[in-house]
Amino acid sequence: MTIELHTWNTPNGRKISVALEEMGLPYKVFPVNIAKGEQMAPDFLAISPNNKIPAIVDPDGPDGERVSVFESGAILLYLGEKTGKFLPAPLIERIPVYEWLMWQMGGFGPMPGQVHHFIALENEQDRAYGLKRFMAETRRLYGVLDRRLATREFVAGALSVADFAILGWAWRHPRHKVELSDFPHVERWYNALMARPAVKRGMEAKLD
């Protein structure tokens, strides 16, 4: 049973293609061109009421029923539950996965996303304040991640969906104007993940 991945070539979309590849789940990409407003189409809103990519449709959901899931963090947790992979069973081991997944969703995504927005503005006066504010916060978040990874291989100990979530945004570090060499533990983690064959497939999957 093939999962439908409704997405576009963005950090949030890459989180899911990487997870699907790592979990060995068959999937088919249904591109949603956000530059053309396709995320507002009624068919897409039926599975993603917040009109944001990505969303998935699993024809073999709980009890064999078709199910749709929106919001990238919810999708990662769903896929982890479905497969039993990259989401540990003991609650004590899940806690850091939940923490670092929520850290990504609440900070290491929205803040770099603002950098993406302001860096694209043509008017220098409009760009200056936003870039100063959000680039500083983005670098702070890279520092938080670097300190976490100084004492462990992956953010929650074992490789988990939290790593896939964070990787989707770290992938865009050139666009954040961040040199990973400034954050050596992040650089080590990033290079190790990007060297994994399934991650490579997920990053190279055509999402647009």
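**Figure 1. Proline 54 is found in the loop between helix 2 (42-45) and strand 3 (55-58).** The model shown here and in the other figures is predicted. Isoleucine 53 and proline 54 are joined by a cis peptide bond. Omega of this bond is about 0°.

**Figure 2. The protein chain as a whole has nine helices and four strands.** Along the sequence, these elements run β-α-β-α-β-β-α-α-α-α-α-α-α. The radius of gyration of the protein chain is 17 Å. The globule rule gives 17 Å for 208 residues, so the chain is as compact as a globular protein of that length. Along the principal axes, the C-alpha atoms fill a box of roughly 50 × 40 × 25 Å. Of the 208 residues in the protein chain, 50% are buried. The accessible surface comes to about 10200 Å². Carbon and sulfur atoms hold 54% of that surface. Contacts between residues at least 6 apart in sequence were also sorted by separation: 64% of them join residues at least 24 apart.

**Figure 3. Helix 1 (residues 11-23) packs with helix 3 (residues 72-83).** The angle between the two helices is about 5°, and their axes are 10 Å apart. Angles under 35 degrees count as roughly parallel, so helix 1 is roughly parallel to helix 3. On the helix 1 side, the contact is made by Asn12, Lys15, Ile16, Ala19, Leu20 and Met23. On the helix 3 side, Ser72, Ile75, Leu76, Leu79, Gly80 and Thr83 take part. By residue type, this contact divides into seven nonpolar, four polar and one charged.

**Figure 4. Glutamate 22 has its place in helix 1.** Is glutamate 22 buried or exposed? Its relative accessibility is 13%. Buried means under 20%, so glutamate 22 counts as buried. Neighbours within four places in sequence are left aside in the contact list that follows. Glutamate 22 is in contact with Phe86, Phe164, Arg196, Ala198 and Val199. One of these partners, Phe164, is a buried residue of helix 7. Another, Phe86, is the subject of the next view.

**Figure 5. Phenylalanine 86 has a positive phi although it is not a glycine.** Its phi is about 60°. Phenylalanine 86 is found in the loop between helix 3 and helix 4 (91-106). The relative accessible area of phenylalanine 86 is 18%, and the residue is buried. Glutamate 22 of helix 1 is in contact with this phenylalanine.

**Figure 6. Helix 7 (residues 161-170) is largely enclosed by the rest of the structure.** Why is helix 7 described as largely enclosed? The reason is burial: 10 of the 10 residues of helix 7 are buried. Val161, Ala162, Asp163, Phe164 and Ala165 are among them. Ile166, Leu167, Gly168, Trp169 and Ala170 are also buried.

**Figure 7. Tryptophan 169 lies in helix 7.** With a relative accessible area of 8%, tryptophan 169 is buried. Which residues does tryptophan 169 touch, not counting residues up to four places away in sequence? Pro11, Asn12 and Lys15 are among them. Asn12 and Lys15 also belong to the helix 1 side of the contact with helix 3. Tryptophan 169 also touches Gln104, Phe108, Gly109, Pro112, Gly113 and His116. Tyr142 and His176 complete the list. Proline 62 is 107 residues away from tryptophan 169 in sequence. The C-alpha atoms of tryptophan 169 and proline 62 are 30 Å apart.

**Figure 8. Lysine 177 lies in the loop between helix 7 and helix 8 (184-194).** Phi of lysine 177 is near 60°. That is a positive value in a residue other than glycine. The relative accessibility of lysine 177 is 55%. Exposed means over 50%, so lysine 177 counts as exposed.

**Figure 9. Alanine 205 lies in the segment after helix 9 (197-204).** At 13% relative accessibility, alanine 205 counts as buried. Alanine 205 touches Arg14, Ser17 and Tyr27, with residues up to four places away in sequence not counted. How far apart are the C-alpha atoms of alanine 205 and glutamate 21? They are separated by 9.5 Å. Along the chain, alanine 205 and glutamate 21 are 184 residues apart.

How values were computed: Residues are numbered from 1 along each chain as its sequence is written. This is a predicted model: local features need pLDDT of at least 70, side-chain atom pairs count only at pLDDT 80 or more; totals for chains, interfaces and linings use all residues. Side-chain values use heavy atoms; hydrogens and water are left out. Buried means under 20% relative accessible area, exposed over 50%, partly exposed in between (1.4 Å probe, protein chains only). Axes are lines fitted to C-alpha atoms, for helices over the stretch in contact, and angles run from 0 to 180 degrees between N-to-C directions. Angles under 35 degrees count as roughly parallel, over 145 as roughly antiparallel, 65 to 115 as roughly perpendicular and the rest as oblique. Contact means heavy atoms within 4.5 Å. Ala, Val, Leu, Ile, Met, Phe, Trp, Tyr, Cys and Pro count as nonpolar, Asp, Glu, Lys and Arg as charged, and the others, Gly among them, as polar. The radius of gyration is taken over C-alpha atoms; the globule rule is 2.2 Å times the number of residues to the power 0.38. Accessible areas come from the Shrake-Rupley method with a 1.4 Å probe; for residues, only the protein chains shown count as cover.
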